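Biologist: Before I use any of these labels at the bench, I want to hear the reasoning behind them. Show me the structure, and then I will ask.

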Protein chains: 2
Amino acid sequence: MSRWAIGIDLGGTAIKAAAVGEERGIVISSSNLTDTASGPAGIVRQLAAIIADLYRSASLTNEPGDFAGVGLGVPGAVNAEQGTLSYPPNLPGWTIFPLRDELQLCLKEQEALSMTAFLDNDANAAAFGEAVYGAGRQFRDFLMVTLGTGVGGGIVLNRKIYRGANGTAGEVGFMIIDFEGSSVHAGIRGTLESLVGKKQMVELARRMIEASPSDSSVGILCGHDYTRLSPRHLERAALEGDEVSLAVWQRVGSILGVGLANVAALMDIRKFVIGGGISAAGSLIFEPALAQLKMSTLPSMHEGLELVPALLGNKAGIHGAAALCFG
Amino acid sequence: MSRWAIGIDLGGTAIKAAAVGEERGIVISSSNLTDTASGPAGIVRQLAAIIADLYRSASLTNEPGDFAGVGLGVPGAVNAEQGTLSYPPNLPGWTIFPLRDELQLCLKEQEALSMTAFLDNDANAAAFGEAVYGAGRQFRDFLMVTLGTGVGGGIVLNRKIYRGANGTAGEVGFMIIDFEGSSVHAGIRGTLESLVGKKQMVELARRMIEASPSDSSVGILCGHDYTRLSPRHLERAALEGDEVSLAVWQRVGSILGVGLANVAALMDIRKFVIGGGISAAGSLIFEPALAQLKMSTLPSMHEGLELVPALLGNKAGIHGAAALCFG
């Protein structure tokens with residue numbers, strides 16, 4: 001037996017999908033722009049069509065009898081048991097929607113396909129993808145942090161997603177590490193996300209460049225137009241030895257380390273898988289993060305502390321969504 | 001069948017012990033000064049004698065056949081599986097000690113008693129005591145916070161203690177909420193414990209009283225000797241309407257609320273049982289804590305947020321230790 005499933009990463013911009021073999025990983029994949037204009041019903045129809053296409057293509061080389069279902073990682077609060085998605089911030093017009101049941105119904109009526117659907121939020125799906133296929137395979141318990149526009153998190157305990165009583169666990173970006181600070185995100189002061197999201201990082205860099213007496217090579221890289229400044233510029237400049245850029249990474253890494261220290265203290269989690277665009281900077285961010293993590297925890301918590309880069313990039317969500325079906 | 005057990009709360013000052021009925025709670029109890037002078041072996045002998053005494057008294061009215069064992073809540077890092085206690089800060093001269101096995105052996109050799117011993121750290125034992133016999137009975141998942149000299153924590157998930165992979169989970173006092181602040185505890189900057197322990201609270205009060213233009217009635221309560229100032233004085237003064245004291249409680253409650261917000265964001269825990277000396281101030285601390293907790297979390301996390309006072313006082317540990325035997 002060689003089970004396979006379809007994994008979907010439903011985003012506000014694109015729907016990424018793949019047929020995934022339990023052992024082999026991704027077999028076929030597709031990517032489509034999300035049809036946000038027609039609301040939940042429109043997206044359900046679009047999803048059903050994408051799933052049907054993939055299913056039919058993959059069925060040519062995969063036994064339909066080994067098909068385990070379709071899993072979806074979705075951008076919002078999920079009740080995994082009830083199969084509902086609540087208020088996805090990037091999908092306008094949605095409230096609380098029974099996505100699992102509506103999708104199963106549409107697959108049946110529109111595509112004559114009976115299949116079981118599984119739902120989880122995108123951060124949990126990405127963490128589970130790394131747990132089953134990626135950097136988390138070596139860990140029983142870990143936290144996955146995605147450093148991108150925002151700071152996402154997913155917790156894996158005993159190789160399963162830890163969702164919490166209401167399904168909102170893992171919001172590492174909303175941990176407060178600077179409660180009297182000046183940074184605010186989503187109305188909350190001093191959260192990790194208010195300090196190390198992509199925008200905050202660029203803003204920090206701009207302030208540090210302006211305050212620096214020496215010329216930073218970042219200026220040249222972004223054509224002295226700081227509205228174009230990106231983490232990629234800061235990465236290149238730092239690798240060329242630019243001191244301001246190095247200091248920016250040092251600070252972003254340290255702040256991340258403080259956040260991880262809170263996870264270590266509260267949950268006794270000592271393994272961290274770091275993904276997302278900003279994490280591509282590698283040791284520029286990993287080294288200060290690990291150093292700070294050690295400084296910010298008791299010596300009795302140091303054994304086994306480890307930060308590793310995520311392995312699946314933006315395909316972690318598809319992998320994890322499919323893996324929901326093998327559970 | 002009516003099971004019973006012996007629960008022990010081993011502290012640096014006293015050994016509190018009780019025979020506890022699974023349904024009836026404490027049947028007989030005792031308290032002895034801890035014999036710290038003779039090191040681990042001396043304490044093991046002392047524990048065995050205390051346990052034997054209690055066992056023999058309780059056996060007169062409880063069926064020996066229903067006896068479930070002896071549970072111990074101990075002040076340090078515990079490996080519950082191996083039954084070891086590591087580096088208890090308040091027991092000088094201890095390193096890593098196989099307390100469970102040594103105690104079982106001593107009970108047999110010294111007292112001719114064969115019984116199974118169970119070990120957990122004192123914060124976990126207190127949380128489990130509240131879970132089984134106290135304020136946590138109504139909750140499946142909760143965090144117990146003990147606000148005393150330090151800030152202790154124990155996590156209950158699905159009515160069981162959550163210990164983490166290495167047994168150090170629940171260290172809520174070591175969560176960092178002010179990473180650039182001036183307060184430091186155990187070498188770590190900006191931890192919750194560095195901000196709301198008893199000493200820190202008194203220090204905050206002294207600073208606020210000195211900075212206040214008006215006379216605070218706290219001065220009268222402590223005879224203007226601020227070295228004698230205690231949370232109890234601040235409680236009395238606040239209840240009499242003293243503005244500085246009210247502001248101190250407001251601030252301590254708010255800081256606690258920030259810490260709890262981190263637990264809600266990360267673990268999706270929304271129920272909090274608050275114990276320890278400082279918590280006796282009741283709504284003086286509970287109201288600002290809950291208000292801040294709501295301000296510091298996303299609206300999607302507000303449903304079901306609840307802070308309740310612990311019910312078992314300094315007997316939570318004994319109850320929880322005994323309950324370890326009924327697991």
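What follows is a set of short questions and answers on a predicted model.

Biologist: What makes the relation between chain A and chain B a two-fold axis?

Modeller: A rotation of 180 degrees superposes chain A on chain B, with 0.0 Å of shift along the axis. The RMSD is 0.1 Å. That is the relation of a two-fold axis.

Biologist: How do you know that the copies meet through the same surface?

Modeller: Look at the interface residues of chain A. 100% of them are also interface residues in chain B, so the same surface is used by the copies.

Biologist: How many residues of each chain are in contact there?

Modeller: 31 residues of chain A touch 33 residues of chain B. On the chain A side, helix α8 (residues 243-267) gives the most, with seven residues. By class, that side of chain A has 19 nonpolar, six polar and six charged residues.

Biologist: Turn to chain B. Why is α3(B) called roughly perpendicular to α10(B)?

Modeller: Helix α3 (residues 122-133) and helix α10 (residues 316-324) of chain B have axes that cross at roughly 80 degrees. The range for roughly perpendicular is 65 to 115 degrees. The angle of roughly 80 degrees belongs there, so α3(B) is roughly perpendicular to α10(B). The two axes come within 6 Å.

Biologist: Which residues make that contact?

Modeller: On α3(B), they include Ala125(B), Phe128(B), Val132(B) and Tyr133(B). On α10(B), they include Ala316(B), His319(B), Ala323(B) and Leu324(B). The contact has 10 nonpolar, four polar and two charged residues.

Biologist: Why is Ala112(B) called exposed?

Modeller: Ala112(B) has 8 C-beta neighbours inside 10 Å. A residue counts as exposed with 12 or fewer. So Ala112(B) is exposed. This residue belongs to the loop between α2 (99-111) and β8 (117-121) of chain B. Its phi is near 55 degrees, a positive value in a residue other than glycine.

Biologist: And what makes His224(B) exposed?

Modeller: The count for His224(B) is 10 C-beta neighbours inside 10 Å. The limit is 12 or fewer. So His224(B) counts as exposed. His224(B) is in the loop between α6 and α7 of chain B. Phi of His224(B) is near 55 degrees, again positive in a residue other than glycine.

Biologist: How do you know that Ser182(B) is exposed?

Modeller: Ser182(B) has 8 C-beta neighbours inside 10 Å, and that puts this residue in the exposed class. Ser182(B) is in the loop between β11 (160-161) and β12 (184-185) of chain B. From Ser182(B) to Ser194(B) is 12 residues in sequence and 9.3 Å in space, C-alpha to C-alpha.

Biologist: Which residues of helix α7 (residues 231-239) of chain B are buried?

Modeller: Pro231(B), His233(B), Leu234(B), Glu235(B), Ala237(B) and Ala238(B). To be buried, a residue needs 20 or more other C-beta atoms within 10 Å of its own. What covers these buried residues of α7(B) includes α5 (198-211), α6 (217-221), α8 (243-267) and α9 (283-295) of chain B. Just after α7(B), Gly241(B) takes a positive phi of about 95 degrees.

Biologist: Back to chain A. What makes strand β2 (residues 14-21) mostly covered?

Modeller: Six of the eight residues of β2(A) are buried.

Biologist: How do you know that β2(A) pairs with strand β1 (residues 4-10) of chain A?

Modeller: Pairing takes at least two bridges. β1(A) and β2(A) have seven, in the antiparallel sense. Asp9(A) stands opposite Lys16(A) in β2(A). A hairpin of three residues joins the two strands.

Biologist: What pairs β2(A) with strand β3 (residues 25-33) of chain A?

Modeller: Eight bridges, also antiparallel. Ala18(A) stands opposite Ser29(A) in β3(A). β2(A) and β3(A) form a hairpin with three residues between them.

Biologist: Why are β5 (77-79) and β7 (96-97) of chain A called edge strands?

Modeller: Each of them pairs on one side only. The open sheet has three strands in the order β5-β6-β7 (chain A), with antiparallel pairing. Three bridges join β5(A) to strand β6 (residues 84-86) of chain A. There, Ser86(A) in β6(A) is the bridge partner of Ala77(A).

Terms used. Residues are numbered from 1 along each chain as its sequence is written. Chains are lettered from A and ligands numbered from 1 in the order in which they are written. This is a predicted model: local features need pLDDT of at least 70, side-chain atom pairs count only at pLDDT 80 or more; totals for chains, interfaces and linings use all residues. Axes are lines fitted to C-alpha atoms, for helices over the stretch in contact, and angles run from 0 to 180 degrees between N-to-C directions. Helices (H or I, at least four residues) and strands (E, at least two) are DSSP runs, numbered from the N terminus. Angles under 35 degrees count as roughly parallel, over 145 as roughly antiparallel, 65 to 115 as roughly perpendicular and the rest as oblique. Two residues are in contact if their C-beta atoms, placed from the backbone, lie within 7 Å. Ala, Val, Leu, Ile, Met, Phe, Trp, Tyr, Cys and Pro count as nonpolar, Asp, Glu, Lys and Arg as charged, and the others, Gly among them, as polar. Copies are superposed by least squares on the C-alpha atoms of residues with pLDDT of at least 70 in both.
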